[in-house]
Amino acid sequence: MDATAAVTSAAPASVTEEQPPHMAAAGETKRKMIMVAMDESEESFYALNWALDHLLNNSEEETTIITLINVQPPFSPLVYPAGPVVFAAPTMVEAVKKAQQENATTILSRAFHMCTQKRVKAETLILEGDPKDKICQAADELHVDLLVMGSRGLGKIKREVIHKGTAGFY
């Protein structure tokens, strides 16, 4: 048995689990953690604006922190012309990664500015990988209370025709 388990088992019966870092003890201010997934779409900025207008309360008992997250898809350095597979030059890979970083910074700067205009504390997070996986993983690791995402801008018919049966559709 490790030291952590020994301490937990020796604790009083009312203390069985460790609280997430944003939970407040008695008499302290509670922190509400909201994560907003951001990309270049207007739908994500609409979702952020909606969250800022509808999910915040200005009570002194609760502090709201918004985490703005942008996930860039991984760059595959393979070029698939009509013939054999060709690897991209290292300078091209660096240029694409730099452009992705600049794109993410621009998106999060705009979102961060929206938060500061509403006097809301915000943090930014840029990750690389599959967006649906990375967003869920970050929300779990940061113990967020609420995850806000914009719609993809597709109507009901387009969603059914284009993505019928795909597991990764959200």
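Five helices and six strands make up the chain in this predicted model. Following the sequence from its start, you meet them in the pattern α-β-α-β-β-β-α-β-α-β-α. There are 170 residues, and 25% of them count as buried. Among contacts with a separation of 6 or more, 73% join residues that lie 24 or more positions apart. The surface that the chain exposes comes to about 11,600 Å², with carbon and sulfur atoms supplying 57% of it.

A good place to start inside the fold is the sheet. Four strands form an open sheet in the order β5-β2-β1-β6, and their pairing is parallel. Its edge strands are β5 (residues 121-128) and β6, each of which pairs on one side only. On average, neighbouring strands here are turned by 25° against each other, direction ignored.

Two helices can now be placed on this sheet. Helix α3, residues 90-117, packs on the sheet and touches β2 and β5, and its direction makes about 155° with that of β2. Helix α4, residues 131-141, also packs on the sheet, where it touches β1, β2, β5 and β6. The direction of α4 likewise makes about 155° with that of β2.

Let us look at the strand pairs one by one. Strands of a sheet pair through backbone hydrogen bonds, in either a parallel or an antiparallel manner. Between β1 and β2 (residues 62-72), the parallel pairing runs over eight bridges. One point to find on screen is Met-33, whose bridge partner in β2 is Ile-65. On its other pairing, β1 meets β6 (residues 146-148), again in the parallel sense, over three bridges. Here Ile-34 has Leu-146 of β6 as its bridge partner, and Met-35 stands opposite Leu-147 in β6.

How enclosed is strand β1, and why? Six of the eight residues of β1 (residues 30-37) are buried, so the strand is largely enclosed by the rest of the structure. Buried here means a relative accessible area under 20%.

Helix α3 deserves a walk of its own. Its 28 residues should span 40 Å at 1.5 Å a residue, and the C-alpha atoms at its ends are 41 Å apart, which agrees. Which residues of α3 are buried? They are Val-93, Gln-100, Ala-104, Ile-107, Leu-108, Ala-111, Met-114 and Cys-115. An α-helix has 3.6 residues a turn, so residues three or four places apart point the same way. The buried residues of α3 pack against β2 and β5, and also against helix α2 (residues 42-54).

Finally, two loop residues are worth a visit for their backbone angles. Just after α3 comes Arg-119, which takes a positive phi of about 60°. Arg-119 lies in the loop between α3 and β5, and its positive phi occurs in a residue other than glycine. Is Arg-119 buried or exposed? With a relative accessible area of 79%, Arg-119 is exposed; the cut-off for that word is over 50%.

His-143 offers a second case, in the loop between α4 and β6. Phi of His-143 is near 55°, again a positive value in a residue other than glycine. The relative accessible area of His-143 is 34%, so this residue is partly exposed.

How values were computed: Residues are numbered from 1 along each chain as its sequence is written. This is a predicted model: local features need pLDDT of at least 70, side-chain atom pairs count only at pLDDT 80 or more; totals for chains, interfaces and linings use all residues. Side-chain values use heavy atoms; hydrogens and water are left out. Buried means under 20% relative accessible area, exposed over 50%, partly exposed in between (1.4 Å probe, protein chains only). Contact means heavy atoms within 4.5 Å. Accessible areas come from the Shrake-Rupley method with a 1.4 Å probe; for residues, only the protein chains shown count as cover. Two strands pair if DSSP finds at least two bridges between them. Axes are lines fitted to C-alpha atoms, for helices over the stretch in contact, and angles run from 0 to 180 degrees between N-to-C directions. The expected span of a helix is 1.5 Å times one less than its number of residues.
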